[in-house]
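Thanks for making time this morning. I would like to walk you through one model, beginning with the place where its chains meet and then moving to a few individual residues.

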Amino acid sequence: MEDRIYELAAGYCEGRLSKRELRELEALLRTDGRARRIFTEIRQMDRHAKACAFPRDHERAWKRIEGRLAGNRIRGRRMRLAAAAASAACVALAILLLVPKFRDGGAPQARSIPPAENKAMLRLGDGRTIQLSEGISPDSLDNLLACKAPAVDAPCTITVARGGKYAFTLPDGSRVWLNSDSQISFPSDFSGAERAVQIRGEAFLEVAHDAQHPFIVDAGGGRIRVLGTRFNVSAYPEEGHVVTTLVEGSVEFRAPGGRAVLSPGEQSLWNRRDERFETRKVDIALYTSWVEGVFEFESMPMRQIALQLARWYDVEITFDRDAEYLGEYLFTGVTDRNANLEDILSKIAETTRMDFDVRGRTIVIHSK
Amino acid sequence: MGNALNDKDREISVLLGTGDPACMRVIFEAWYRPMCLCAMRYLPSVQDAEDVVQSVLLSFWNNRRGREFTGSVRAYLFAAVVKSSLKALRNKAGRYFVDLEMQLAENSDPAADENAGIYETMRLRLEACIAGLPGNQRMALVYIVFRSMPYRDVAREMGVSVNTVKTHYARALARLREIMDIAPEHP
């Protein structure tokens, strides 16, 4: 069977062939010239690709070494960013892995631009505002609402500024994770026929199941209707799309121009400007990992990554006039959202053609 | 470049003499990657290569700390990596074709390991070419090569069998080689 040489070659490259398979491969290579050629080429390319892709996850390697060093006080810090850059001319995929940042365990490094913190502002229906922070357990929000919500019909609003994040539970038991620069409005009691909320920015929702009271999300001019499900919606005014990503259950997204019913693993993109719909299968982790404290990008233009970083760290990121083209670079990568911005930027700079000029809270990207 | 390395050697030698564990950090940051690339010339599995490098680093620290090092730390470490890699390859004779691997290793350019720029250029080219692969092949390759995922996990991620992953990966490599038009081993 023709695929056999491919299977064996790939198994060999992973170093996981059994003795029997290795003998089978050996016999094949001895008797079949074509198989021999294919195998050698695959093995060469495997080495080449792995060498190009290395380094990866040095942090773990360092941890292993560190753990076995006697009397060592050095601590590695979790910081991993894999980024892939591609030229604007050919739509290419590129991946870089960033080496971990090291520092002495004793003196913590100055955190000039720290990551987003748990903070939000709750505005009650009567206009009163309450600052929410780590002091208030996000889960106690419904208690807070129950005690303080006035008997007015106006909705409550929770706003997370740039450089913030917040997770809490709505009065109906649905759980909400709000990303930086995002807002949700909701009735203080979900007593109506529908549970209707409005979202600006990005949120991940775990909607409590209640078939009698559909959960409706208005976001960026589109409307998502759900029964009980987990999904992510991103509707930043400065981004042209409303992006709905379904993890579990089923949702219907309606907007001028059409509707889409999503199955788990599917995503709808609605272009606000031309009202075009697109539904596609995606790696949901890419769109939901932010909830778990991870930035995950795949083939994402640098311009969009800059937007995300800007919101999370509450900074301005712009491209130098001669480096506008870098905005089209496609990156693929993963990094800890708890890293300082400088850590991320310096590692990107080390491994790409990009350089970052940090002045206060303004960052200019230029090419090296 | 040469001076920088000499400075690095001196810095490490002093730290080593005082038994300062920061020494290992300096070595790790300076040479971990090139040392791994060097080991990867002999060992097909990246994990095996990293194991070798880590053992070399640890035994260097355990045997040499407390005394200043005379000579080039860098040269010493790289020679140790080559020696250990060959030994590891022979120990794994049941999994690999030792002769073939040694032949491939000898045909590749050791200087490339220490010249990040070479890999940088090759990587950009590789990445550009990856974009041209069929979806399944590209996905398998990205997971395996760039995310270092075991085939088993890739299979789960892609919802296909392990054998299918192997076929995707191997075909991706064969196709890539064609697209990239690579001469036998790195030029």
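Let me start with the contact itself, to which chain A contributes 64 residues and chain B contributes 70 residues. Please keep in mind throughout that this is a predicted model, and that every number I quote is computed from it. The size of an interface is often given as the accessible area lost when the parts come together. Here the area buried between chain A and chain B comes to about 6,200 Å², and carbon and sulfur atoms give 62% of that area.

As for specific interactions, the rule finds three salt bridges across the interface of chain A and chain B. One of them pairs B:R177 with A:E41, whose closest N and O atoms are 3.6 Å apart. Across the interface there are also eleven residue pairs in polar contact, counting pairs in which both residues have pLDDT 80 or more.

Which elements of chain A supply at least two residues each to the side that touches chain B? They are the helices α1 (3–14), α2 (19–31), α3 (33–53) and α4 (58–67), together with the strands β3 (96–97), β4 (101–104) and β20 (294–301). Of these, α3(A) gives the most, with 14 residues. If we sort the residues on that side of chain A by character, we get 33 nonpolar, ten polar and 21 charged.

Helix α3 of chain A also holds a residue that I would like you to look at, namely A:D46. Is A:D46 buried or exposed? A:D46 counts as buried because its relative accessible area is 0%, and the cut-off for buried is under 20%. Leaving aside residues up to four places away in sequence, A:D46 touches A:C13 from its own chain, and B:P44, B:Y169 and B:L173 from the partner.

Turning now to chain B as a whole, we find ten helices and zero strands. Of its 187 residues, 51% count as buried. If we take the contacts in chain B between residues at least 6 apart in sequence, 61% of them join residues at least 24 apart.

One helix of chain B deserves a closer look, and that is α8, which covers residues 135–146. This helix has twelve residues and spans 15 Å from its first C-alpha to its last, which is close to the 16 Å expected at 1.5 Å a residue. The buried residues of α8(B) are B:Q137 and B:A140, followed by B:L141, B:V142, B:Y143, B:I144, B:V145 and B:F146. Just after α8(B), the residue B:S148 takes a positive phi of about 50 degrees.

Let me finish with two residues of chain A. A:S185 sits in strand β10, residues 182–186, and A:S185 counts as buried because its relative accessibility is 13%. The side chain of A:S185 is joined to that of A:T157 by a polar contact of 3.2 Å. Apart from residues up to four places away in sequence, A:S185 touches A:C156, A:T157, A:A196, A:V197 and A:Q198.

The other residue is A:T352, which is found in the loop between α8 (341–351) and β23 (354–359) of chain A. Although A:T352 belongs to a loop, A:T352 counts as buried, because its relative accessibility is 8%. The C-alpha atoms of A:T352 and A:K368 are 8.6 Å apart, while the two residues are 16 residues apart along the chain.

Conventions:
Residues numbered from 1 in each chain as written. Chains lettered and ligands numbered in written order. Heavy atoms only, no water. Helix = DSSP H or I, 4+ residues; strand = E, 2+ residues; numbered from the N terminus. Expected span 1.5 Å × (residues − 1). Buried < 20%, exposed > 50% of the residue type's maximum accessible area, 1.4 Å probe, protein only. Contact = heavy atoms within 4.5 Å. Buried area = accessible area lost by both parts, 1.4 Å probe. Salt bridge = Lys/Arg side-chain N within 4 Å of Asp/Glu carboxyl O. Polar contact = N/O pair within 3.5 Å; in protein donor to acceptor, adjacent residues only side chain to side chain. Nonpolar A, V, L, I, M, F, W, Y, C, P; charged D, E, K, R; others polar.
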